Amino acid sequence: MNWIVQNLWLVPVLPLLAAGISALAKRKSRTLAASLAIGSMAFSFLLSVWAFAHVLWLRSNGQATQQVFNFRWFQFGNDWLSLGWVLNPLTAVMLVMVTFVGMLIFIYSVGYMEHDENFTRFFCFLALFASAMLGVVIANSLLLLFMCWEIVGLTSYLLIGFWYEKPSAAAASKKAFITTRIGDLPFFLGIVWLYAQSGTLLFYNNGAGCLEHASINHLISQTTAIGFCAATGIAVLIFCGAIGKSGQFPLHVWLPDAMEGPTPVSALIHAATMVAAGVFLVARVYPLMSAHAGIATDLTTSTALQAVTWVGAITALFGAVIAVAQFDIKRILAYSTVSQLGYMMMGLGVGGVAVGMFHLITHAFFKSLLFLGAGSVIHGCSGEQDIRRMGGLRKLMPFTFATYTIGMLALCGFPFFFSGFWSKDEILHAAHSWNISQAPYYMGAFAALLTAFYMSRQMFYVFGGKSRLAESSEDHSHSPASADHAHHHGSSAPHESPLVMTVPLMLLAPFALLLGFLGTAAWPWFQSFLDDTQLTVNFGALLEGSMLPVMLSSSVIVLLGLGIGWWIFGRRPIKSAEAPDNLGRLSPPLFTFLGHAFYVDALYGATIITLNTQFSKISDWLDRWVWNGAVKTVTNIVLGLAHLDNFIDTHVVNSGFDEGCQSVSRSGQILSLLQAGRIQGYLKIVAGVLIVFTIILLWKAKI
Amino acid sequence: MLAWTIYISFLGALALFLLPSRRAAWARILALTTTIITFAITLTAFIQHRTGEMLTVAHYPWIPSLGIQFSLKADGISLTLLLLTGVIGVCGVLFSWNIEDRIKEFFAFYLVLLGAVYGVFLSFDLFLLFVFYEIVVIPKYFLIAIWGSTRREYAAMKLVLYSFIGSAMVLVGLIAAYVAAGSKSTALGDLAGYPFAPHFQMWAFPLVFVGFGILAGLWPFHTWAPTGHVAAPTAASMLLAGVVMKLGAYGCLRVAMTLFPLGLGPWGFHVLGFGSWRDVFALLAVIGILYGALVALVQKDFKFVIGYSSISHMGFILLGLMTLNQIGISGAVVQMVSHGILAGLLFAVVGRLVYSRTHTRDLTALGPMRLGKVIPFAAFTFVVAGMAGMGLPGFSGFVAELMIVIGVWHSYPSLIVFVAIGLVAGVAYIWRSMQMAFFAGTDLDTDPPPPPLPPISFSERLGAGILICASVIVGTFPQLFLNVIHPALNSPLFQGLRKGGW
């Protein structure tokens, strides 16, 4: 076996060591912590590239591209519970992505967290997170995956709550951990069920793993009491874990709040890697997800995958709709992440591993680019996060502006040159030809329109017009979001960020641009790599079947979205931070202007936007009251039960004990009357008894 | 050599009593040396006997006319729990370094308690086991009543009464078994091999099981535990939650279940859906898990949170025992070790690191002190211990709960949901108390700076470090322990439970 396969464990263990050493280091050893974290990630990145090259080499030699290394952990009854790691194309791609993006974000953090007093702790947590995430990626055992998954959740908690003195950060971290943990509960049950059914938790083990034919067939043949096969039940339970981690509807509530953490954390954890872990999980257990009782053909879709598709489609639309009405630069991106994760899920459901994973990879690059750009903006504006107070940054922060634009166009899926276009188009194309329903396609297409719209809105607010930062500077210090950053910077004039922050942006930007060409329909290298099929170059594929119409229509949708965005926000610069949102102020002048040549188009625009605003409000309301309310209600019920139990414990269970004690001591008191301690009393009793006995004896003697 | 753990502990106690009274440092060092030697002995024994087979330590006739012997033996289960006792013993002394009041009596009682616990884990004669089991009660009472806090007389008396009720039930069951088997021998091996009549086992089993279960925090007989833990001084609550509660669980497994395996069998009829004592106790265990977690969720006193969390975790042990399969029972033993370590650690944090500095355990009062900033080490230790207890992978709680849950899946699939809810509730109460105790303070410049507290001493760091390492070792290499537990479970002693295979 190749060296890299045997020693793949080094990839997660290196950052773990870095985390361990910096945990023991003194608080002042900032350079040590940062260089350890970055150095370990760089080594992990090199190892990942080696692993990737190894898979490529195997592929070019026509060998099996999947290699596993298993070892025994502990004994379960008569069986051994084994753990292990697997190197296959999926692992290789994820490893390279996580280590590369992670390394850049680590470097960026050196600049962003420069003034924080807990710099060392921050890098310790970051390295621990990276280690756990890489563990998730290489795991060849659902149990090992779950273990790393939980540690990922823990580090996410620690990093969201990094500024725990801010009550909102503390609350957000708690919410994140508990919400994801709710999703992990069914996940854990799914694991136990899977183990009970198949007797192993290894994914691949020379034919004996739980994702291999024998086990899958066994799982399909088992039918549960409710009628579907065990495979479906287990797959749906596992998917619940993915829903929690990947912020899918209805467990997405934690993700926007998680933006309370430092921005590099948002970029690394809540955009590029951790939230994608749910998508990765579904991709990893895809054989289980796609298992169904019918004849195995490509035309039928398993129940579990249908669930994945619908949840994904709903989330994609839901996130996009809410993003339209947000004013916090990071919250817009957060809802956009929710929406994009929905796309990935949908892609997995309708198109398979390669389709979903392709979007995951491209999204990781352009969304971390966007988040780091947003961080640079926030850094430059002294901690301001409200887009209404920004503006005019195009000139003031040229590097940030340029790279942010690339990220934004990639996210919108701007035709042909941006990676998001190709990966999103793959998903839409697969959804278009899905055999169950067309609805996910339309939901996805509409979400794409909204994405282009809200991103252009954000661009015009942040970078267009003139700076509105000065006018709000008097109430600046009261803004809670800015509290953590404001005191770090004396100047309030927007300024470009230092090189340590802009260089990672510039390194990410080319990937956001070009990565899409790895997976076009003409040259589907990425798809063939993941699915391990023959790669063919076929420019004709771009024109075949529904490919071209879908591609053209999605291009039109993106342009339309950008156009509407420009129409509403870009035409006239936003003058005042206090002015109401143009979208909310569908003023009469707008309507008179609509009466001109573009009347029909504009009418469409207006109706859609009105509906949209209402829908946004409804969704926002739902988000605030219904889903949040549901969580609160459950909490209150549990608390009520807990108080009841406490009452019972104090007054019933415990007072029973006390009553018992009291009755014992009461009877003791009665008995103690006999022993009053006065000798005269005892003598009296003795004398009395003596007399009685004497009388009795005399009586007997007489007879 | 293992027998010396008992003798050395008792000798150490005697030496402490005889020590000139003013030498506090000597008392500490003597206690620490004694516990370290006993720990070293248990560790050596654990390393030497890798196979986990039955090992005779000492065997002398004691009262031959009644068939009572001084019989000390150890198998894998005992070895594991002896090692746990050794670790907790050392750490308890480390966390009592600051005690000034009547220090030599304190450590003397502490060592008597420790020696008696070693005795229970080593005894393979039921009479001897019972004697040690009773000795445990006495130092417990004095440790709480003299050095305790919060309603200490009440708590000490309650604990003693509950212990004696339990002992009385056990004694009745044991004498009945001894007589029924012909009054020849009190050796556990002889009695466990004797075929008692099924109807006899049907009433003797619940009697003895509940008798031991009281000490293991079996719901609804748990009420001594939270008050007792809270009132006890730190080292005593570490021993109490760490090992004394394990005595109960150990007795359930070692005595009740091996003597009367048929008592676990079906009654032949159903009452309220219960078909056997096994069903009843499994349900009580699950209620304990949920109930303990829920009550812990609304406590105002920090130590009560930990006290009730012990009830919840002990529920896992009892549930694991009731699965009657190898995974579940070995999971229960691993959970005994895990909970021993973690409860010890949690009580150390709350009792020693926090309470002895802040002099309050009220969660709302702790918040404004900003303990997360003032004593970050305490916050860190509590976070780690809490995470480990709630089953974070990499720590001992995870493997133990995983094994128990898989065992339960085989035996009681319908209970699994409640167990899982208990796991989530476990997250909630740890979270709530952590947030309120360590991170609730706001960092406004207008606030007065938090009062300075005495720094964390070296002995405290060392103790916490040892316990965290122990938890990580159990969590990452559970096979170390399973290697000796499995042969023990497959020994003839558990023949009746196995019924030919797990």
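How many of the eleven residues of helix α12 (residues 274-284) of chain A are buried? Keep that in mind as we look around; this is a predicted model.

**Stop 1: chain A as a whole**

Select chain A and show it as a cartoon. You should find 27 helices and two strands. Of its 703 residues, 53% count as buried. Now think about contacts in chain A with a separation of 6 or more: residues 24 or more positions apart account for 78% of them.

**Stop 2: helix α12 of chain A**

Next, select residues 274-284 of chain A. Here's the reply to the opening question: eleven of the eleven are buried, so α12(A) is largely enclosed by the rest of the structure. Click along the helix and you'll pass A:M274, A:G278, A:F280 and A:R284, which are among the buried residues.

**Stop 3: the nonpolar core**

Stay on α12(A) and pick out A:V279 and A:V282. Both are among the residues with the most contacts inside the largest nonpolar core, which has 434 residues. Chain B shows up on that list too, with B:V117 and B:L318. Another one to click is A:A37. Leaving aside neighbours within four places in sequence, A:A37 is in contact with A:A18, A:S22, A:F106, A:F123, A:L126 and A:A127.

**Stop 4: where the chains meet**

Colour the two chains separately. Here 34 residues of chain A are in contact with 34 residues of chain B. On chain A's side, the elements giving two or more residues are β1 (67-76), α6 (142-160), α7 (167-198) and α26 (599-672). Which of them gives the most? Select α7(A): it's the top contributor, with twelve residues. Colour this side of chain A by class and you get 23 nonpolar, five polar and six charged residues.

**Stop 5: a hairpin in chain B**

Move to chain B and select strand β3 (residues 266-271). Is it largely enclosed or in the open? Of its six residues, the number buried is zero, so β3(B) lies largely in the open. Add strand β4 (residues 274-276) of chain B, and you'll see the two pair in the antiparallel sense over two bridges. B:V271 stands opposite B:F274. Two residues sit between the strands of this hairpin, and B:L272 takes a positive phi near 55°.

**Stop 6: a loop in chain B**

Last pick: B:P492, in the loop between α20 (479-489) and α21 (495-498) of chain B. B:P492 has 11 C-beta neighbours inside 10 Å, so it counts as exposed. Try the distance tool between the C-alpha atoms of B:P492 and B:T258: the separation is 10.0 Å, although these residues are 234 apart along the chain.

Key
Residues are numbered from 1 along each chain as its sequence is written. Chains are lettered from A and ligands numbered from 1 in the order in which they are written. This is a predicted model: local features need pLDDT of at least 70, side-chain atom pairs count only at pLDDT 80 or more; totals for chains, interfaces and linings use all residues. Two residues are in contact if their C-beta atoms, placed from the backbone, lie within 7 Å. Helices (H or I, at least four residues) and strands (E, at least two) are DSSP runs, numbered from the N terminus. Ala, Val, Leu, Ile, Met, Phe, Trp, Tyr, Cys and Pro count as nonpolar, Asp, Glu, Lys and Arg as charged, and the others, Gly among them, as polar. A residue is buried if 20 or more other C-beta atoms lie within 10 Å of its own, exposed if 12 or fewer, and partly exposed in between; C-beta atoms are placed from the backbone. A nonpolar core is a set of buried Ala, Val, Leu, Ile, Met, Phe, Trp, Tyr and Cys residues joined through C-beta atoms within 7 Å. Two strands pair if DSSP finds at least two bridges between them.
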